[in-house]
Amino acid sequence: MTELTAPEWQPDQSFLELLKSMVEAGMVDAAEEGIRRYPNWVSSLNGEDSATIAGLSQSLEKMRAVEEQHGVGACLVLDHPNVKRLIEWDRLGSRHANAVKFAALAKA
């Protein structure tokens, strides 16, 4: 008996928009995982989409450096609608505290 496997799902344009939204919200881990999980899709992008993913990757590198110094979640944008929902749902744990501390540092 032959075992059938489904072809690997590949993201579409809406996934690129989702990644942009994650980066705008400061969701470093989620955005990095999205890029890391679909290397074939990332390498297939061209033109403006390729430039967009390159820009997102550069932003994530800078954000990761901040989080290494100030703790995971430090880059979360506390007034971003998606982050506000996660706060309401109590889904951020220590990430929320790190974001609050870093936001206070940025204001000082």
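Colleague: What share of the contacts in the chain with a separation of 6 or more comes from residues 24 or more positions apart?
Modeller: This is a predicted model, in which local features need pLDDT of at least 70 and side-chain atom pairs count only at pLDDT 80 or more, while totals for chains, interfaces and linings use all residues. Residues are numbered from 1 along each chain as its sequence is written, and side-chain values use heavy atoms, without hydrogens and water. With contact meaning heavy atoms within 4.5 Å, the share for residues 24 or more positions apart is 64%.

Colleague: In what order do the elements of the chain run from the N terminus on?
Modeller: Helices (H or I, at least four residues) and strands (E, at least two) are DSSP runs, numbered from the N terminus. The chain has 6 helices and 0 strands. The order is therefore α-α-α-α-α-α.

Colleague: Is the chain more spread out or less spread out than a compact globule, and what is its radius of gyration?
Modeller: For 108 residues the globule rule (2.2 Å times the number of residues to the power 0.38, with the radius taken over C-alpha atoms) gives 13 Å. Along the principal axes, the C-alpha atoms fill a box of roughly 60 × 35 × 25 Å. The chain is more spread out than a compact globule because its radius of gyration is well over the value from the rule, at 16 Å.

Colleague: What percentage of the 108 residues in the chain do buried residues make up?
Modeller: Buried means under 20% relative accessible area, exposed over 50%, and partly exposed in between (1.4 Å probe, protein chains only). On that basis, the buried part of the chain comes to 32%.

Colleague: Which residue forms an aromatic pair with phenylalanine 15 at 5.6 Å between the ring centres?
Modeller: The whole structure holds 2 aromatic pairs, where rings of Phe, Tyr and Trp (its six-membered ring) pair if their centres lie within 6.5 Å, with planes under 30 degrees apart counted as stacked, over 60 as edge-to-face and the rest as tilted. In the pair asked about, the planes stand at 85 degrees, so the geometry is edge-to-face. The pair links helix α1 (residues 13–25), which holds phenylalanine 15, to the loop between α2 (28–37) and α3 (39–44), 23 residues away. Both partners are buried, and the second of them is tyrosine 38.

Colleague: Which residue pairs with phenylalanine 15 at 5.4 Å, centre to centre?
Modeller: This pair is also edge-to-face, with 75 degrees between the planes. The partner lies in helix α3, 26 residues from phenylalanine 15 in helix α1, and both residues are buried. Phe15 and Tyr38 form one aromatic cluster with this partner, which is tryptophan 41.

Colleague: Which residues does isoleucine 35 touch, not counting those up to four places away in sequence?
Modeller: Isoleucine 35 has its place in helix α2 and is buried, with a relative accessible area of 16%. Its C-alpha atom is separated by 10 Å from that of leucine 60, which is 25 residues away along the chain. The residues touched are Leu19, Val42, Ile53, Ser57 and Leu60.

Colleague: Is glutamate 32 buried or exposed, and at what relative accessibility?
Modeller: Glutamate 32 lies in helix α2. Beyond residues up to four places away in sequence, glutamate 32 touches Leu60 and Arg64. Glutamate 32 counts as buried because its relative accessibility is 18%.

Colleague: With which residues is aspartate 49 in contact, leaving aside its neighbours within four places in sequence?
Modeller: Aspartate 49 is placed in helix α4 (residues 47–70) and counts as partly exposed at 22% relative accessibility. From aspartate 49 to glutamine 13 the C-alpha distance is 8.7 Å, across 36 residues of sequence. The contacts of aspartate 49 are Gln13 and Leu16.

Colleague: Is glutamate 48 buried or exposed, and at what relative accessibility?
Modeller: Glutamate 48 lies in helix α4. Its C-alpha atom is separated by 21 Å from that of glutamate 33, with the two positions 15 residues apart along the chain. Glutamate 48 counts as exposed, at a relative accessibility of 65%.

Colleague: What is the approximate phi of aspartate 90?
Modeller: Most residues other than glycine have a negative phi. Aspartate 90 is found in the loop between α5 (81–88) and α6 (94–107) and counts as exposed at 67% relative accessibility. Aspartate 90 has a positive phi, near 55 degrees.
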